[in-house]
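Q: Please take a close look at chain B. How is it built, and what does it share with the rest of the model?

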Amino acid sequence: MASPQMVMYEEEFAQVQAVTDRLVQDANARVVFVVDKNGQLISASGDTGDLDTTSLASLAAGNIAATGGIAQLLREQEFATQYHEGVRQNVHIQVVSSRVILVVIFDNRTSLGLVRLRVKRANEHLSRIFEMVMAKAQDPFRNSPFAEITDDDIDNLFND
Amino acid sequence: MSFINYLSREINCKIVYYGPGLCGKTTNLQYIYNRTNPDAKGKMISLATETERTLFFDFLPLEIGEIRGFKTRFHLYTVPGQVFYDASRKLILKGVDGVVFVADSQMLRAEANIESMDNLRTNLAEQGYNLDTVPYVVQYNKRDMPNISSVDELSRMLNPQRVPEFLAVATTGEGVFETLKSVAKLVLTELKRGAA
């Protein structure tokens, strides 16, 4: 397999969630979410009620992938930060440790300067957490839920 | 690359539909979307041009049930088939768990099929995958069209490694779910094998 599987255990998930919860408060943001670079939503905080977070995660990852492609063509390492300005809402996107994407959606209750400042601190915390996540995923002695799954379990899933 | 979340007890996997332009990749996803229970699917996203040609990707999240208490979700993606969108195709293959190659059965598209499959092999290799080992199935679409190649011929041209192959008419749904089930099963079996 090209890249190790990402497995989130409760401990690290709680830590990521704590960082995003705090970022919503500190930056006065509407929503904060963390997405794997492959488009899988990892955690979301704030006013997510009417948001299609699954689609947003996939599109944010697509966006980062596309700008990553542009960076490669320009022989830049990466465009780690992006900002999209709308009429009522804005989106700040930050790549963390070249591995996950931190997305902040905010409105005029706050400012880009404050969001940037708070994202910088959250970025440092998340980098440390995801280093641990990846170290655990590479540990060959750790159990995967797939180890317990039988062929029958898989077949049962597809019985009409 | 699958993603396992122990807290929400979810397993997410990524399947990519690949193939030449206008072979019916988006139509496969549209049929799945239209025929799936609303509780089991998210919104289908299509990043397309004004003429409905895929520009970047289509995306459809699909929940297929629970395995040992883990909700199992598949994220289905298509790539843009047109030759000049190669940079986008490479990006979409990142982190893939399973591939469906949709071939256009029409004789005139034989060359386009082969070119697209070569392109799939090259682009997968660039991401560190090997088409001979990644969970992978082939679908011969547009079986309702005139002037189509025989299954034997298509099989010889496009499926020398004898992976599961399916006949389809994506516009009516024939073969669409069979293809999806087959690749989904291969992905889960591979993840199980990797964990053993």
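A: The radius of gyration is taken over C-alpha atoms, and the globule rule is 2.2 Å times the number of residues to the power 0.38. Chain B has 196 residues, so a compact globule would have a radius of gyration near 16 Å. Chain B has 16 Å, which agrees. This is a predicted model: local features need pLDDT of at least 70, side-chain atom pairs count only at pLDDT 80 or more, and totals for chains, interfaces and linings use all residues. Residues are numbered from 1 along each chain as its sequence is written, while chains are lettered from A and ligands numbered from 1 in the order in which they are written.

Now the extent. The C-alpha trace of chain B spans about 50 × 35 × 30 Å along its principal axes.

Next, the elements. Chain B has five helices (H or I, at least four residues) and eight strands (E, at least two), taken as DSSP runs and numbered from the N terminus. From the N terminus on, their order in chain B is β-β-α-β-β-β-α-β-α-β-α-β-α.

How do the residues sit? In chain B, 49% of the 196 residues are buried (20 or more other C-beta atoms within 10 Å of their own, with C-beta atoms placed from the backbone). Take contacts (C-beta atoms within 7 Å) in chain B with a separation of 6 or more: 69% join residues 24 or more positions apart.

Last, the core. The largest nonpolar core (buried Ala, Val, Leu, Ile, Met, Phe, Trp, Tyr and Cys residues joined through C-beta atoms within 7 Å) has 97 residues. B:V16 is among those with the most contacts inside this core, and so are A:A29 and A:V104. Helix α5 (residues 176–195) of chain B gives the largest share of this core, eight residues.

Key. A residue is buried if 20 or more other C-beta atoms lie within 10 Å of its own, exposed if 12 or fewer, and partly exposed in between; C-beta atoms are placed from the backbone. Two residues are in contact if their C-beta atoms, placed from the backbone, lie within 7 Å.
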